[in-house]
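Got the viewer open? Here is a short walk through the model, one selection at a time.

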Amino acid sequence: MPQKTDGDGTPVPQRLLAAATRLFAEQGYDRTSVQEIVEAAGVTKGALYHYFGSKDDLLHEVYARVLRLQQERLDTFADADEPIEKRLRGAAADVVVTTIENLDDAAIFFRSMHHLSPEKNKQVRAERRRYHERFRALVEEGQRAGVFSTATPADLVVDYHFGSVHHLSTWYRPDGPLAPQQVADHLADLLLRALRP
């Protein structure tokens, strides 16, 4: 079934996601009603339930769309015909930039993940694990090749980097002193320094 659009051509699912993201960021997931979402999106509850089975599905999609983007980009970096140090640095910086570019989505997710149904929570954890495993594989590749130090286990290196990424929504401000790419460069450089033999 084709997706209906509004006057500017925005498909209904995107309108619903945009409205939900804004409202979840402003009010919190648990304090936002389905009625508020459909009113903000200019659609009916029937339209919401046609595209999303529940408010829980909307919350899941807020995060899943960012994770899909980041997974695609990580796969591109990982599969590139470049030295491992360049691929890892690119991937490490990219996840910072894409998180900052989607800061509301990240903040909503980390504040509200506990509201997901057990099934959705399990699905999200599996998707995140896949991403982290692919990232860790880059670290391990560099360690096996002798480019990176093996003094710190790859799992700990990955946790260190993603701890920083996951906390961006608590301190990063678009009007602050650092642009997204500057933050990304600093964090990627910290990661590579931690891996220096």
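The stops below go from a helix to its surroundings, then on to rings and a charge.

Before you start, keep in mind that this is a predicted model.

**Stop 1: helix H5.** Select residues 84-101, which make up helix H5. Put a distance between the first and last C-alpha of these 18 residues and you should get 25 Å, close to the 26 Å expected at 1.5 Å a residue. Now switch on a surface: how much of H5 is buried? The count is 14 of the 18 residues, so H5 is largely enclosed by the rest of the structure.

**Stop 2: the aromatic pairs.** Show the aromatic side chains next; the structure holds 7 aromatic pairs. Pick Tyr63 and Phe110, one of these pairs, and look at how the rings meet: the arrangement is edge-to-face, with 6.1 Å centre to centre and 70° between the planes. Colour by helix and you'll see that this pair links distant parts of the chain, with Tyr63 in helix H4 (residues 55-79) and Phe110 in helix H6 (residues 103-112), 47 residues apart.

Are these two rings buried or exposed? Tyr63 has 7% relative accessibility and counts as buried, because the cut-off is under 20%. Phe110, at 32%, counts as partly exposed. While you're here, add Phe109 to the selection: ring pairs link Tyr63, Phe109 and Phe110 into a cluster.

**Stop 3: Phe135 and Phe162.** Move over to Phe135 and Phe162, another edge-to-face aromatic pair, at 4.9 Å centre to centre and 75° between the planes. Phe135 lies in helix H7 and Phe162 in helix H8 (residues 154-166), so the pair ties together parts that are 27 residues apart in sequence. Both partners are tucked away: Phe135 counts as buried at 0% relative accessibility, and Phe162 counts as buried at 3%.

**Stop 4: His132.** Stay with helix H7, residues 118-144, and select His132. Which residues does His132 touch, leaving aside its neighbours within four places in sequence? Try Val158, Phe162 and His166; His132 is in contact with these. You've already met Phe162 as the ring partner of Phe135. Check the accessibility of His132 too: at 19%, His132 counts as buried, because the limit is under 20%.

**Stop 5: a charge over a ring.** Finish with Tyr29 and Lys55. Turn the view until you look down on the ring of Tyr29: Lys55 lies over its face, at 4.3 Å from the ring centre.

Key:
Residues are numbered from 1 along each chain as its sequence is written. This is a predicted model: local features need pLDDT of at least 70, side-chain atom pairs count only at pLDDT 80 or more; totals for chains, interfaces and linings use all residues. Side-chain values use heavy atoms; hydrogens and water are left out. Helices (H or I, at least four residues) and strands (E, at least two) are DSSP runs, numbered from the N terminus. Buried means under 20% relative accessible area, exposed over 50%, partly exposed in between (1.4 Å probe, protein chains only). Contact means heavy atoms within 4.5 Å. The expected span of a helix is 1.5 Å times one less than its number of residues. Rings of Phe, Tyr and Trp (its six-membered ring) pair if their centres lie within 6.5 Å; planes under 30 degrees apart count as stacked, over 60 as edge-to-face and the rest as tilted. A charge sits over a ring if NZ of Lys or CZ of Arg is within 6 Å of the ring centre and within 35 degrees of the ring normal.
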